[in-house]
Amino acid sequence: MVSSGIRNTGLILACLISALNTDAFEKKLVSLDGGTLSEKVLTVESGRVDQVIEDGKARLMCVAQPNESVRFRLYAPEGFWNLKPYVNVTVDFENIGESKAFVRMLIKDVKTKSESWYRPNLSHNAWIEAGESRSFDALLVRHKYSNPAVKPAYMDRFPKMHGLPHAQMLVWFGVDVTQVSELVFELQPKPYAQTVYVDDVRATRRASPVMLEKDPDSFFPFIDRYGQYIHEDWPNKVKSDQDLVRQRIAEDRDLKRNLAPRSYNKFGGWNEGPRFEATGHFRVQKVDGKWWFIDPMGHLFWSFGCTGIGYQPVRIALPGKAHFYEGLPALDDPEFGDLYQMNRRIGFEPSDYQGANAFLGGDYILRKKYGEGYREIFKSWSLRRARSWGLNTCGAWSAAAKEQPKDLRMPYTKELWIAGKHLKPIHKLVDPFEAKFSDWVERAVRGNEFAINDPYCIGFFCNNEIHWGKDPVQVVREIINCDNSVAARRALFAFFAERQVKVESASDDELLAFYSHLLETYYKKCRDAIKKVAPNKLYLGSRLHDGALRKEAFSAAAKYCDVVSVNVYEKDVKVFNVRDERDQPFFTEDVPFLVGEYDFGALDRGKFFSGIGFAADQRNRGECMIYFIESALDNARCVGAHWFHYYDSPTGSRYFDNENANCGIVSTSDTPYVDLIKAFRSMSTRLYSYRKNGSTE
C-alpha cells in the first residue's frame with residue numbers, strides 16, 4: 001500500500017478539537033428547572049405526567065397503570081427549534097419499575113401532519129430496562145427536499161452520499177431540521193404498572209465537523225484503508241493489519257463457544273416441534289391458523305435470515321472521490337492493482353484514479369485477515385458466523401449459498417434476473433407480453449442449475465423491487481403512448497378490442513383493469529416458467545417494496561406466488577401501507593409472505609447514514625430487530641424475515657448509488673457488531689417457541 005504520509009501536527013490538533021467540541025456541543029430544548037411548564041410547552045393527552053423535583057433536579061414523572069399508556073407533547077417555546085447544527089435529539093430516561101418500559105417518540109416539524117408510528121422519518125423506539133437510566137439519541141433525519149436551508153454549504157464536496165460527515169442524513173424522508181416544532185412521547189401500555197422519568201431534553205452532537213467548516217481541504221482524506229471514517233474513534237475500530245488478525249483469533253474462539261441453537265435441525269427447522277409430510281424439498285403449509293415453511297425433513301421452519309452472506313466485493317466509485325481515501329494502492333501496484341476495475345472506454349494512466357470504476361477495498365482487508373485463499377476461507381467463515389448468530393437462511397445475493405461446505409450447509413433463497421426487453425414505463429420490468437418472456441425466465445432458472453434440485457434451496461425470487469408505479473392509470477397511459485414495437489402496447493389494444501372498448505375513450509376503471517392484467521400476466525408467466533424448470537422449488541415473488549405498494553401488485557402476487565415477498569422498512573410488520581389510505585383494505589389475502597429485507601442502522605460507529613430503518617446506537621439496533629421479528633412471528637401469514645445486509649455499505653457510498661448505510665451485521669472492516677449479534681442470538685433461542693405460543697409477557 002502507498003502511505004499517505006504523516007498528517008501535520010496542526011491537523012491532528014484540529015481532529016482533537018473537533019472531537020472535544022462534538023462531546024460538549026449541545027442545546028437544551030426544554031427547561032424543566034424554571035417552574036411549572038405552561039400548556040404552550042407541555043400538554044398531556046393520556047395517563048399521568050407530573051413535574052417533580054427530587055434531589056434538587058426537576059423531571060417529568062410518567063405513571064401508567066396496567067394496560068394503559070401515557071402520551072404527552074413538548075412544544076418549542078418560541079414556535080420551533082432550529083436544530084440544523086445537531087445530529088440528535090437526546091432524552092434521558094429512568095425506569096424505576098420492575099419490568100422493561102417501551103417509549104415511542106416522534107420528532108415533528110411545522111409542516112408535519114401525520115403522526116403515525118409507521119412513518120420511519122419521525123418515529124423512534126426506546127426501551128429502558130428495569131432500574132435503568134438511559135440517554136437515548138433520536139436521530140434528526142433531514143428531509144433533503146423540504147427546505148434548501150437544511151443543506152450544508154459544503155454539500156457539493158460529497159457527491160452521491162445519503163449521509164455526510166459527521167453524521168448528517170440528507171435523504172428523501174425526514175423533517176425540516178431548521179423548523180422542529182414539537183416532540184411527542186408515548187409510554188406504551190404493558191400488563192404491569194410503569195413509572196418512567198423523562199429529563200434533560202436536548203439537541204446533541206455537532207453535525208458539521210469543525211475542521212470541515214474552517215479548513216475544508218485539510219479534512220481530506222477522511223476514509224482509511226479499512227473503509228472507516230478517519231476523524232472519529234469507537235470501540236473495536238481497526239487501526240492496523242495486526243488488529244485484523246487479532247480480531248480473527250478472538251472471533252474464532254467466540255464462534256467455537258457459540259454454535260447453532262440446539263432447537264435447530266440440520267436445515268434450521270424446529271427440531272423439537274411436530275413433524276409433517278417430508279417431501280425432500282421446502283414447501284408451505286398452514287398449521288393451527290399460522291403459515292409455515294415445512295423443511296425437507298417435514299419440520300416446521302421459519303426463515304430467520306440475512307442477505308449477502310459470504311464474499312462480496314466492497315465496491316467504491318473513485319471518479320471524483322479518489323481524494324476521499326487514505327493509502328490507495330497505485331493502479332499498477334503488483335500486489336493490489338488487480339483489485340481495480342477499469343473503465344476501458346475513457347482510457348487511463350497508471351496513476352489516474354479517474355479511470356477506475358471501483359477499488360475492491362474489502363479484498364485488501366480479507367487478504368490481510370485470512371491470508372492466501374481468503375475467498376474460500378471467508379465463505380466458510382461467513383457460514384460459521386451465520387449459524388453461530390442463530391440465522392438459518394442465506395437470503396438474496398448470498399455468495400455463500402453456492403457450493404457450501406458439507407458440514408456448514410444452510411438453506412438459501414436465490415434471486416433470478418430476467419434478461420430481455422424492458423418495458424420502459426415500469427423500471428426494472430422485462431415486458432411480460434414479449435413472445436420470448438417465458439423462455440427468458442426459464443433461462444434465468446437454468447443459469448442457477450446448482451439450486452434446481454438442491455434440498456437446501458427454498459425457492460426463487462424473480463427480479464427485485466420492480467417499480468410498478470404510484471399511479472396505475474398513468475402507467476397504462478404511458479404504455480398507450482409507446483410505439484407499436486412494444487409488446488405491452490399491442491397487448492393493451494388487443495385487451496380492449498376483446499372487450500369492445502375504444503382505448504382513447506377508456507375510463508380509469510378500464511385502464512386499471514389492464515394494469516391488473518399486466519401484473520397477473522407477469523406473475524403467472526414467472527410462476528409457470530420456474531415450475532417448468534424447477535418444479536420442486538417455491539416461487540417467492542418479486543420482493544415488492546415501498547415504491548410499489550399497490551394493492552393490485554400484492555393481489556396478483558398472492559394469486560400466483562407460493563410465497564409473496566415484500567421488503568419492509570418499517571418498525572414492525574403489524575400492518576401494511578398505513579401511509580396511503582387509497583388502497584385500503586390492503587393485502588388481506590390469506591397467503592404466506594416473506595420479508596425479503598429489513599434493517600436498522602445507527603451513527604455511533606463512524607457511519608453517516610443509518611439506512612431507512614434507524615436506531616439510536618448499536619444496542620438499539622438489536623432492540624429494534626427483536627421488536628421487528630417478534631411482530632413478524634406474531635403475524636399468522638409471515639413465514640420469515642431477512643436482514644439487509646451482511647456488510648455495511650461503503651462509508652463513501654456504493655459505486656452505483658448514494659447508499660452509505662450502517663446496514664450490516666459486519667462493518668466494512670469485517671468487524672462484527674457485537675450488540676446486534678447478541679440480539680440475534682437471543683432471538684434465535686426462542687424463535688420457534690415464540691412463533692408457536694406468542695409473547696410470554
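Which residue in β5 is the bridge partner of T43? In this predicted model, the bridge partner of T43 is R73 of β5, and that pairing is a convenient place to enter the structure. T43 belongs to strand β2 (residues 42–46), which is joined to β5 by four bridges, the two strands running antiparallel. β5 also pairs with strand β13 (residues 180–187), again in the antiparallel sense, and here the pairing extends over six bridges. Within that second pairing, L74 has L183 of β13 as its bridge partner. Five of the six residues of β5 (residues 70–75) are buried, so this strand is largely enclosed by the rest of the structure.

The same region can be read through its charged side chains. R73, the bridge partner of T43, also takes part in a network of salt bridges that links E45, R71, R73, K108, E115, E182 and E186.

A further set of strands is arranged as an open sheet of three, in the order β10-β12-β11, with mixed pairing. The strands at its edges are β10 (142–143) and β11 (163–164), each of which has a single partner strand, so one side of each is left without a neighbour in the sheet. Strands of a sheet pair through backbone hydrogen bonds, in either a parallel or an antiparallel manner. β10 and strand β12 (residues 168–171) run parallel and are joined by two bridges, and in this pairing H143 stands opposite V171 of β12.

From the strands the account turns to helix packing. Two packed helices are described by the angle between their axes together with the distance between those axes. For helix α8 (residues 472–480) and helix α10 (residues 508–533), the angle is about 80° and the axes are 9 Å apart. Because angles from 65 to 115 degrees count as roughly perpendicular, α8 and α10 are roughly perpendicular to each other. On the α8 side the contact is made by P472, V473, V475, V476, R477, I479 and I480, which meet D508, L511, L512, F514, Y515 and L518 of α10. By class, the residues of this contact divide into 11 nonpolar and two charged, with no polar residue.

The structure holds 50 salt bridges, and three individual pairs show how their settings can be described. K369 forms a salt bridge with D670, with 2.9 Å between the closest N and O atoms. This pair links distant parts of the chain, 301 residues apart, since K369 lies in helix α4 (residues 361–370) and D670 in the loop between β28 (638–643) and α13 (674–685). Both K369 and D670 are buried.

In another pair, D454 forms a salt bridge with R409, the closest N and O atoms lying 2.6 Å apart. D454 is located in the loop between α7 (449–452) and β24 (457–462), and R409 in the loop between β22 (393–394) and β23 (412–416), so the salt bridge ties together parts that are 45 residues apart in sequence. D454 has a relative accessible area of 9% and is therefore buried, the limit for that class being under 20%.

The third pair lies within a helix: E442 forms a salt bridge with R446, the closest N and O atoms being 3.5 Å apart. These two residues are four residues apart in helix α6 (residues 437–446), and so about one helical turn separates them. Their surroundings can be stated separately: E442 counts as buried at 9% relative accessibility, whereas R446, with a relative accessible area of 47%, is partly exposed.

Key. Residues numbered from 1 in each chain as written. Predicted model: local features only at pLDDT ≥ 70, side-chain atom pairs only at ≥ 80, totals over all residues. Heavy atoms only, no water. Salt bridge = Lys/Arg side-chain N within 4 Å of Asp/Glu carboxyl O. Buried < 20%, exposed > 50% of the residue type's maximum accessible area, 1.4 Å probe, protein only. Pairing = 2+ DSSP bridges. Axes fitted to C-alpha atoms, helices over the stretch in contact; angles between N-to-C directions. Parallel < 35°, antiparallel > 145°, perpendicular 65-115°, else oblique. Contact = heavy atoms within 4.5 Å. Nonpolar A, V, L, I, M, F, W, Y, C, P; charged D, E, K, R; others polar.
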